[in-house]
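Visitor: I am a first-year student, and I would like a close look at a single part of this model. Could you take me to one helix and show me what surrounds it?

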Amino acid sequence: MTLWFAIPVSLLLVGGSLFALIAALGVLRLPDVYTRMHAASKAGTVASGLLLLATGLGSQEPAILVRAVAGFIFFILTAPVSAHLLARAAHLAGVRLDKVSTRDDYRRDQVD
Amino acid sequence: MTAGDVILHWATMFALVALPVAFVMTVLRAVLGPTLADRVVALDMLVAIAIGFIAVIALKTGYHLYIDIAIALGLVGFLATVAFARFIQTTAGKVKAGTPKPSVTKKGKINRKTVTGRKGK
């Protein structure tokens, strides 16, 4: 593979892997369901999308690239839908936000 | 081996190391919970990482048919997440994850701290 073709493919690969790593770190370390969902649905989608684009570019065939782009678009379309459904279901099921996720400065001034 | 091949090789190696690390971290969240919604979020993330991994393998081996498998896996993952969301919503607080029967207290009241991890009244 020529150098000027390998560089963007490598950048997409490394970028996608870093996005996956950061998303997994968010899923592991963030305090409640809603913040974890924010990490998984945004960074996670971009991670798999960038890796798909890397494969599409690296194949050097237009048919594969179009399929990879179609897959990326499909993930971009479905990720918000599933995240919204899951967040709504969790909220209806009574899963609370963590203390650090809510900020209520007015309440702090009140006498408990 | 040209310079482009070397760069691509090391980028692929980085991806093949970083993705399993991310996978293990997400599995930890799926095991730890604490609520069913947390586990479903982790499952969604696992599917995303698996798609990325399949894409990297497709690039490394040259079997570009793997792309179609990745897209199919994305479709299945989406449907699984939607189904789990409906399940959480319809059984809100009634069924504990992994147990078939709802836990019922004395007066026939349903114990609400099961799915949500939230203390009952």
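Guide: Happily! Read along the sequence, chain B follows the pattern α-α-α, so to speak of its parts we can simply count: chain B has three helices and zero strands. Please keep in mind that this is a predicted model. The part to look at closely is the middle helix, α2 of chain B, which covers residues 36-61.

Let us begin with one residue on that helix. Val41(B) lies in helix α2 of chain B. Is Val41(B) buried or exposed? Val41(B) is buried, because 31 other C-beta atoms lie within 10 Å, and the cut-off for calling a residue buried is 20 or more. Now look at its neighbours. Leaving aside residues up to four places away in sequence, Val41(B) touches Val27(A), Val33(A), Arg36(A), Met37(A), Ala40(A) and Leu86(A). The letter in each of those names is A, so these partners belong to the other chain. Within chain B, you can also find Thr81(B), which is 40 residues away from Val41(B) along the chain, while their C-alpha atoms are separated by 8.1 Å.

Next, slide along the helix to Ile54(B), which is also found in helix α2 of chain B. Ile54(B) is buried too, because 23 other C-beta atoms are within 10 Å. Which residues does Ile54(B) touch? Not counting residues up to four places away in sequence, they are Tyr66(B), Ile69(B), Ala70(B) and Leu73(B). Take Ala70(B) as an example: 16 residues separate it from Ile54(B) in sequence, and the distance in space is 6.2 Å from C-alpha to C-alpha. So far, then, we have Val41(B) touching residues of chain A and Ile54(B) touching residues of chain B.

With those two residues in mind, we can step back to the core. The largest nonpolar core has 62 residues, and the members that touch the most others are Ala23(A), Val41(B), Met45(B) and Ala55(B). Our Val41(B) is on that list. Helices from both chains build this core: α1 (3-29), α2 (33-59) and α3 (62-92) of chain A, and α1 (3-32), α2 (36-61) and α3 (66-90) of chain B, each supply at least two residues. Which helix gives the most? It is our helix, α2(B), with 17 residues.

What lies alongside α2(B) in the other chain? One partner is α2(A): the two helices pack at an angle of about 10°, and their axes are 8 Å apart. That angle makes α2(A) roughly parallel to α2(B). The residues in the contact of α2(A) with α2(B) divide into 16 nonpolar, six polar and three charged.

Now follow α2(A) to a neighbour in its own chain. The axes of α2(A) and α3(A) come within 8 Å and cross at roughly 175°, which makes α2(A) roughly antiparallel to α3(A). Here the contact residues divide into 19 nonpolar, eight polar and no charged. The loop between α2 and α3 of chain A holds Gln60(A). Although Gln60(A) is not a glycine, it has a positive phi of about 60°. Gln60(A) is partly exposed, because it has 13 other C-beta atoms within 10 Å.

Let us widen the view to the whole contact between the chains. The contact takes 52 residues from chain B and 51 residues from chain A. On the side of chain B that touches chain A, α1, α2 and α3 each supply at least two residues. The largest share, 17 residues, comes from α1(B). The residues on that side of chain B divide into 33 nonpolar, twelve polar and seven charged.

Finally, here is each chain as a whole. Chain A has four helices and zero strands. Its radius of gyration is 19 Å, well over the 13 Å that the globule rule gives for 112 residues, so chain A is more spread out than a compact globule. You can see this in the C-alpha trace of chain A, which spans about 70 × 25 × 20 Å along its principal axes. Buried residues make up 44% of the 112 residues in chain A. In chain B, buried residues make up 37% of the 121 residues, and Val41(B) and Ile54(B) are among them.

Key:
Residues are numbered from 1 along each chain as its sequence is written. Chains are lettered from A and ligands numbered from 1 in the order in which they are written. This is a predicted model: local features need pLDDT of at least 70, side-chain atom pairs count only at pLDDT 80 or more; totals for chains, interfaces and linings use all residues. A nonpolar core is a set of buried Ala, Val, Leu, Ile, Met, Phe, Trp, Tyr and Cys residues joined through C-beta atoms within 7 Å. A residue is buried if 20 or more other C-beta atoms lie within 10 Å of its own, exposed if 12 or fewer, and partly exposed in between; C-beta atoms are placed from the backbone. Two residues are in contact if their C-beta atoms, placed from the backbone, lie within 7 Å. The radius of gyration is taken over C-alpha atoms; the globule rule is 2.2 Å times the number of residues to the power 0.38. Ala, Val, Leu, Ile, Met, Phe, Trp, Tyr, Cys and Pro count as nonpolar, Asp, Glu, Lys and Arg as charged, and the others, Gly among them, as polar. Axes are lines fitted to C-alpha atoms, for helices over the stretch in contact, and angles run from 0 to 180 degrees between N-to-C directions. Angles under 35 degrees count as roughly parallel, over 145 as roughly antiparallel, 65 to 115 as roughly perpendicular and the rest as oblique.
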